[in-house]
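Please open the model in your viewer and keep the sequence panel visible. The tour below goes from one selection to the next.

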Amino acid sequence: MEVLSLEREAVYRRIREEVPFSFGEIAILAQTFHISLDNIVGIGADTGRASGCLVMHMNFLNQPQKEDYDILEALVFYFKLIKGSPYSEFGFIGNTVPQLFYLNYEYLYKLHLLKWDFQTNNPERRKPLKDIIPPERLKELNTSYQQEIRHSTKSSIIFDRNTFRTLVSDILFFYQVRLITKEELIKLKEELQALLEEINQVAITGAFTTGKPVDIYISHLNIYTTNLYFHIDTISSLAMLQSFALPDTISMEETTIKKMKIWLDSFQRSSIQISQSGEAQRIHFF
């Protein structure tokens, strides 16, 4: 009670989960008792996996494990802290479209799951797009934590210059191998056009719909993988690594996170900014 300068009843309401702890209160508790915010949230808990690293199961699309849902629920809680932190930072660098954009589009979302299924399943078990039905809870959790990301105080997104060419190539490939129908192809084209317009508007305004600023870049160098960097406060950061079509590995190992930040900063210096600038390059890109 003394630590948080709260009355006894106010503390009990938080303990009973009738009132949530604010980010400031959580940060004070973490600093006072020398506890990492990762441990408070639960992401850093022992899950029986590699130390400092959480990996989604390869079959999480078809048969999500409890541990997969636990990780996603912890991420949702973790990213809710973004709203209350003046130090929060989000960084994306990759040759794919960030989840925070395509999750709102039914067919594009299923396309990424189709690619995941294609890359991680035996040929005889691969599904066509029409049979890709993501678990509702999986989509809700993904959507929830991606929405929280839009509240970051500072955000940077670095696109590979061939991101959308690659996406179109993927769509045509799956159409040619008959995993996508002609009707689905038309739907994907419509959604892709809407997605391009959405990202273009974000670039023009330099902000998400939440009003939080975002810097968007096009890299002059080729980007061969997709990774994400998150910083909540001075003692809490994590990196998400993408092995296949979706981010599937979460690292809280300090060295990995530092290298990720250095890598992102390096690419940013060799990129051209198209948010609120670089109009000719932005028009050409989209």
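What follows is a walk through three helix pairs and a cavity in this predicted model.

**Stop 1: H4 and H7**

Select residues 66-80, which form helix H4, and residues 136-149, which form helix H7. The two helices pack at an angle of about 25°, and their axes are 8 Å apart. Angles under 35 degrees count as roughly parallel, so H4 is roughly parallel to H7. The crossing of H4 past H7 is left-handed.

Now show side chains at the contact. On the H4 side, select Tyr 69, Leu 72, Glu 73, Leu 75, Val 76, Phe 79 and Lys 80. Facing them from H7 are Arg 137, Leu 138, Leu 141, Asn 142, Ser 144, Tyr 145 and Glu 148. Coloured by class, the contact of H4 with H7 shows 8 nonpolar, 2 polar and 4 charged residues.

**Stop 2: H6 and H9**

Move to helix H6, residues 106-120, and helix H9, residues 182-205. Here the packing angle is about 110°, with the axes 8 Å apart. The range 65 to 115 counts as roughly perpendicular, which means that H6 is roughly perpendicular to H9.

Select Glu 106, Tyr 107, Leu 108 and Leu 111 for the H6 side of the contact. H9 contributes Glu 184, Lys 187, Leu 188, Glu 191, Leu 192 and Leu 195. By class, the contact of H6 with H9 holds 6 nonpolar and 4 charged residues, and no polar ones.

**Stop 3: H8 and H9**

Keep H9 on display and add helix H8, residues 163-176. H8 and H9 pack at an angle of about 170°, and their axes are 11 Å apart. Angles over 145 count as roughly antiparallel, so H8 is roughly antiparallel to H9.

From H8, pick Phe 164, Leu 167, Val 168, Ile 171 and Tyr 175. From H9, pick Lys 182, Leu 185, Leu 188, Leu 192, Leu 195, Leu 196 and Ile 199. The contact of H8 with H9 has 11 nonpolar residues, no polar residue and 1 charged residue.

**Stop 4: the largest cavity**

How many cavities of 30 Å³ or more does a search of the whole structure find? There are 3, and the largest has a volume of about 130 Å³.

To centre the view on the largest cavity, select Thr 96, His 112, Lys 115, Leu 167 and Asp 170, which are the closest to its centre of the 12 residues that line it. Two elements, H6 and H8, give two or more residues each to this lining. H8 supplies the largest share, 4 residues. By class, the lining of the largest cavity comprises 4 nonpolar, 6 polar and 2 charged residues.

Definitions and conventions
Residues are numbered from 1 along each chain as its sequence is written. This is a predicted model: local features need pLDDT of at least 70, side-chain atom pairs count only at pLDDT 80 or more; totals for chains, interfaces and linings use all residues. Side-chain values use heavy atoms; hydrogens and water are left out. Axes are lines fitted to C-alpha atoms, for helices over the stretch in contact, and angles run from 0 to 180 degrees between N-to-C directions. A crossing is left-handed if the near helix is turned anticlockwise from the far one by less than a right angle, and right-handed if clockwise. Contact means heavy atoms within 4.5 Å. Ala, Val, Leu, Ile, Met, Phe, Trp, Tyr, Cys and Pro count as nonpolar, Asp, Glu, Lys and Arg as charged, and the others, Gly among them, as polar. On a 1 Å grid over the protein atoms alone, a cavity is a set of points where a 1.4 Å probe fits but cannot get out, and a pocket is an open set with protein on both sides within 12 Å along at least five of seven lines; lining residues have an atom within 4 Å of a point. Grid points are joined across faces, edges and corners, and a volume is the space filled by probe spheres set on the points.
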